[in-house]
Amino acid sequence: MDKLRITGGRALEGAVRISGSKNAALPVMAATLLAPGVHRLRNVPRLRDTQTFARVLELLGAKVAFEGNLLTIDTQGVNSVEAPYELVKTMRASIYVLAPLLARFGRARVSLPGGCAWGPRPVNLHLAGLQSMGAALEIEHGYIVGRDVRLKGATVGFDVVSVGATVQLMLAAVLAEGSTVLENAAIEPDVTVLGEVLVACGARIEGLGTRRLEIHGVSALRPIETSIIPDRIEAATFAAAAAMTGGRIRLEGVRPEHFEASLRKLEEAGCVVERGADAVAVAGPARPRPVNVVTQPYPGFPTDMQAQMIAVCAVASGTSVIEDTIYLDRFTHVQELVRMGAHIELKGNVAVVAGVERLSGAQVMATDLRASASLVLAGLAAEGETVVDRIYHLDRGYEALEKKLGALGARIERVK
Ligand code: UD1
């Protein structure tokens, strides 16, 4: 298994081009199933997750080709409706194929994803929503099974804001008979951009970017031609690297408004941030100031930046309080950061972080993507050598991470 070896203590300087967003790409990849034909997606990050999703589409009968970051998907020949456990368990987003398969074929057999490294991640809202649209779904042998389904418009209110459930129900509603209203919908850029892509293909969606979506079913969609938006979490992670190392990093090819909550927190921590139209410059302080963070649905501070922010606070000049309200157990990085000398006390879903002057390099490992990113950040700022194990998690969500960090002056190498 690959590891990353990092020798910390260098301020990162220079410019980095931010890749396309994984979380925006996966729903669009699922949407290609709705329209038989050849779809072209540009700026798709080459990651394990996008490759896994491509594999799911291939198993369904699609032809998929990556050329650089251009992904071409031909969904004309899709002839299977089964997404197997082996793939769904490695990537939960595979469940997004459920609604498109029901919409196009009236049937589907998709594995239930099961748990995840940071606890339960239910899909009850996906299933209940599809059921209110007329899909009689059964759970059989660990699979969600739908037969003879004809999706019909309905009003679906979500009791919590869910990116996944909003995406699933949008994918169900665009080709359904009649109109669907989604209340308390997610407004993450990934969701809004999916809506815009679908509208460009002939879907009728009102209220994009608001918590109430009204979707009028159409009989067919045209194939997708789009460019995936930049990854706001990757951008914010590099901004955090500037904050932790006292560096100056220019993030290029970004949409600054998409990670404003993270930028504001980093400013509070002492960073100087200059926002341009598609670039952001972040200059880190000599030492970050402590900040308090509560994760929230967009436009609030994202749960996907909680781990990285804890790493920043670990070297701050005082005590920070960080609460995750989206995923209450998502703290596997804390024990590893403690092994690097951080002072963190975990009380339920709240981490109290007493900043230390300096972290010390150590052998660490993480069990999920963003937790791994926080350990890399910690390693960049720590004294001595840090070896981050199990970096296949990083390969799920950060394109060429060690190359990009290396180009900014980090001493980092992948060890096979
Ligand atoms: C969440 C994040 C997303 C992030 C992703 C991976 C939010 C709102 N969403 O998305 O930004 O990229 O994690 O880190 O911050 N829930 C249910 N039933 C369901 C679906 C969800 O109870 O059927 C709950 C979840 O347990 C969670 C909340 O709703 O507490 C938000 O879930 P959702 O947005 O769907 O999660 P992800 O799509 O994983």
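In the predicted model, Glu 385 is partly exposed, with a relative accessibility of 43%. Its side chain forms a salt bridge with Arg 5, in which the closest N and O atoms are 3.7 Å apart. Glu 385 belongs to strand 23 (residues 385–389) and Arg 5 to strand 1, so that the pair links distant parts of the chain, 380 residues apart. Arg 5 likewise counts as partly exposed, at 31% relative accessibility.

A further salt bridge involving the N-terminal region joins the side chains of Arg 414 and Asp 2, with an N to O distance of 3.0 Å. Because Arg 414 lies in strand 24 (residues 411–415) and Asp 2 in the segment before strand 1 (3–7), this pair ties together parts that are 412 residues apart in sequence. Arg 414 has a relative accessibility of 26% and is classed as partly exposed; Asp 2, at 22%, is also partly exposed. With the cut-off for burial set at under 20% relative accessible area, the value of 22% places Asp 2 in the partly exposed class. The pair also belongs to a network of salt bridges that links Asp 2, Asp 395, Glu 402, Arg 414 and Lys 416.

A local salt bridge is found within helix 9 (residues 260–268), where Glu 268 and Lys 265 are 3 residues apart, about one turn of the helix. The side chains of these two residues meet at 3.0 Å, N to O. The partners fall into separate accessibility classes: Glu 268 is partly exposed at 40% relative accessibility, whereas Lys 265 is buried, with a relative accessible area of 17%. In total, a search of the whole structure identifies 27 salt bridges, among them the pairs Glu 385 with Arg 5, Arg 414 with Asp 2 and Glu 268 with Lys 265.

Helix packing was examined for helix 8 (residues 232–245) and helix 10 (residues 306–314), whose axes are 10 Å apart and meet at an angle of about 5 degrees. Helix 8 is therefore roughly parallel to helix 10, since angles under 35 degrees are assigned to that class. On the side of helix 8, the contact is made by Ile 233, Thr 237, Ala 240, Ala 243 and Met 244, and on the side of helix 10 by Gln 308, Ala 311 and Val 312. The residues of this contact comprise 6 nonpolar and 2 polar residues, with no charged residue.

Technical notes: Residues numbered from 1 in each chain as written. Predicted model: local features only at pLDDT ≥ 70, side-chain atom pairs only at ≥ 80, totals over all residues. Heavy atoms only, no water. Salt bridge = Lys/Arg side-chain N within 4 Å of Asp/Glu carboxyl O. Helix = DSSP H or I, 4+ residues; strand = E, 2+ residues; numbered from the N terminus. Buried < 20%, exposed > 50% of the residue type's maximum accessible area, 1.4 Å probe, protein only. Axes fitted to C-alpha atoms, helices over the stretch in contact; angles between N-to-C directions. Parallel < 35°, antiparallel > 145°, perpendicular 65-115°, else oblique. Contact = heavy atoms within 4.5 Å. Nonpolar A, V, L, I, M, F, W, Y, C, P; charged D, E, K, R; others polar.
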